[in-house]
Amino acid sequence: MKNFQFLRLSVALYHQTPLHMLMFLKFRNFSHSIKSTRLKNRNPRFELFRFCHFDSKLGLGSSSLTPTLSPQKPQNNVAIFWDLDNKPPKTVSPFEAAIKLKTAVCSFGFVKYMVAYANRHAFSYVPQVVREERKQRKSLNQLENKGVIKPVESYLCRVCGRNFYNNEKFINHFKQIHEREQQKRLNQIESARGKRRVMLVGKYAMKMQKYKNAARDILTPKVGYGLADELKRAGFWVRTVLDKPQAADVALKDHMVDMMDKRRAECFVLVSDDSDFVHVLKEAKSRCLKTVVVGDVNDGALKRVADAGFSWQEILMGKAKKDAETVVGRWKDRDVLKRLEWTYDPDVEKNLHGMVYEFDNHESKDECDGNDGEDGDIDNILDGDDVGCLQKEDARGWWELDSNPEVTSSQS
């Protein structure tokens with residue numbers, strides 16, 4: 001009977017309730033079921049907590065459920081300073097030399113700063129190896145044009161994918177088509193402003209990068225052999241100074257001292273053989289900073305002052321990376337020994353000596369007071385004859401033995 005009345009009441013409420021209220025209730029129940037499902041999916045421990053029993057001491061955020069990560073020790077920051085006027089890369093390409101230098105220096109810590117200084121003449125200079133390669137390539141092009149030799153493999157254009165069996169035709173194709181397209185894209189980006197400029201940069205980003213990667217191996221740089229561009233591609237900050245004597249050295253020294261003052265690096269790597277940097281290295285060592293020199297002079301002034309030294313041959317062969325790990329181990333051992341060794345501090349020793357002196361005086365005073373009280377008690381207890389015997393015994397030294405047995409028996 002009660003169930004029938006409840007059914008009638010629910011039917012009446014259903015007819016009286018508006019349609020939009022019913023839809024709201026249905027949507028609310030549906031959204032509640034979705035939220036509960038998301039909660040289970042995001043936090044599976046909640047479902048595990050419902051059906052499993054945990055100790056009251058353990059919670060969902062306890063260390064037994066979630067693994068704790070051990071804190072990592074911060075690495076030392078490393079700064080590389082490259083004197084391009086004194087030590088430019090000659091035997092290998094600038095990009096390869098920069099990458100191998102960074103790989104070798106990574107053993108000393110995290111390479112955070114890479115700086116290179118040079119004047120305008122260093123960037124326009126072409127090494128002898130690069131000039132010989134260009135002459136050889138020119139002679140090969142002449143033989144290909146005459147039909148004397150044929151290339152073993154075709155020249156592939158990495159922009160459009162076409163194949164060529166003549167290097168000069170391949171270069172002309174790249175200049176006439178792809179170089180012109182690149183210039184049009186740059187002109188469009190340069191003339192655009194605001195939002196349109198941003199859209200054009202995003203639109204042409206992949207095409208421009210593809211062109212740069214292909215042009216690097218095909219086209220010959222107009223000035224020098226692409227030293228600045230290759231170092232920038234490797235991550236170096238390249239700075240051109242004025243065409244004055246020692247301008248690059250002065251700028252490099254100022255930059256190193258500025259980084260020492262701001263404590264931005266704990267290890268300084270100098271790529272140079274110039275002895276003018278000796279004072280800078282000594283200043284770095286006086287500030288307890290590590291110094292490393294990369295140069296070709298084995299017994300130079302810089303390597304004698306620095307904590308470690310490597311040659312370019314060791315850098316290119318990969319031997320410097322293995323030796324750097326040994327050098328870091330020696331540095332750690334030296335730091336441990338420095339912490340263990342005793343150093344004299346006048347103020348600390350003076351304070352410590354004063355404390356010890358006061359403590360000794362206090363003890364001696366207490367002993368004197370205690371001895372006076374004991375002597376008074378002994379005088380009251382002992383008689384006059386006993387005191388005389390003690391004085392006679394005290395008059396004799398402790399090393400003097402009694403050889404007469406009668407005297408010994410009488411005294412006993």
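User: Which residues form a nonpolar patch on the surface, and what is their accessible area together?

Analyst: Happy to start there: the patch consists of Leu143, Val148 and Ile149, with about 220 Å² of accessible area together. To join a patch, residues need over 30% relative accessible area and no salt bridge, with nonpolar side chains such as Leu, Val and Ile joined within 5 Å (like charges within 9 Å). This is a predicted model, in which local features need pLDDT of at least 70 and side-chain atom pairs count only at pLDDT 80 or more, while totals for chains, interfaces and linings use all residues. Residues are numbered from 1 along each chain as its sequence is written, and side-chain values use heavy atoms, leaving out hydrogens and water.

User: Why is isoleucine 149 called partly exposed?

Analyst: Buried means under 20% relative accessible area and exposed means over 50%, with partly exposed in between (1.4 Å probe, protein chains only). Isoleucine 149 has 30%, so partly exposed is the right term. Its place is the loop between helix 6 and strand 3.

User: What makes aspartate 273 and lysine 87 a salt bridge?

Analyst: The term asks for a side-chain nitrogen of Lys or Arg within 4 Å of a carboxyl oxygen of Asp or Glu. Here the N to O distance between the side chains is 2.7 Å, and the pair qualifies. This bridge links distant parts of the chain, 186 residues apart: aspartate 273 is in the loop between strand 6 (267-271) and helix 11 (278-286), and lysine 87 is in the loop between strand 1 (77-83) and helix 4. Lysine 87 is buried because its relative accessible area is 9%, whereas aspartate 273, at 23%, is partly exposed. Lys87 and Asp273 also belong to a network of salt bridges with Asp296.

User: How do you know that lysine 285 and aspartate 307 meet in a salt bridge?

Analyst: Their side chains come to 3.5 Å, N to O, which satisfies the cut-off. Lysine 285 is in helix 11, and aspartate 307 is in the loop between helix 12 (301-305) and strand 8 (308-310), 22 residues away. Aspartate 307 has a relative accessible area of 18% and is therefore buried, while lysine 285, at 38%, is partly exposed. The whole structure holds 12 salt bridges, among them the one between arginine 137 and glutamate 144, at 3.5 Å.

User: Why is glutamate 144 called buried?

Analyst: Its relative accessibility is 10%, so glutamate 144 counts as buried. Its partner arginine 137, at 29%, counts as partly exposed.

User: What lines the largest cavity, and which classes do the residues of its lining divide into?

Analyst: Ala104, Val105, Phe108, Val292, Val294, Phe310, Ile315, Ala320 and Ala324 line the largest cavity. Helix 4, strand 7 (290-294) and helix 14 (319-340) each give two or more residues to that lining. Ala, Val, Leu, Ile, Met, Phe, Trp, Tyr, Cys and Pro count as nonpolar, Asp, Glu, Lys and Arg as charged, and the others as polar. The lining divides into 9 nonpolar, no polar and no charged residues. About 30 Å³ of space lies inside.

Methods: Helix = DSSP H or I, 4+ residues; strand = E, 2+ residues; numbered from the N terminus. Areas by Shrake-Rupley, 256 points an atom, 1.4 Å probe, with all protein chains shown as cover. 1 Å grid on protein atoms, 1.4 Å probe; cavity = no way out; pocket = protein on both sides within 12 Å on 5 of 7 lines; lining within 4 Å. Points joined across faces, edges and corners; volume = space filled by probe spheres on them.
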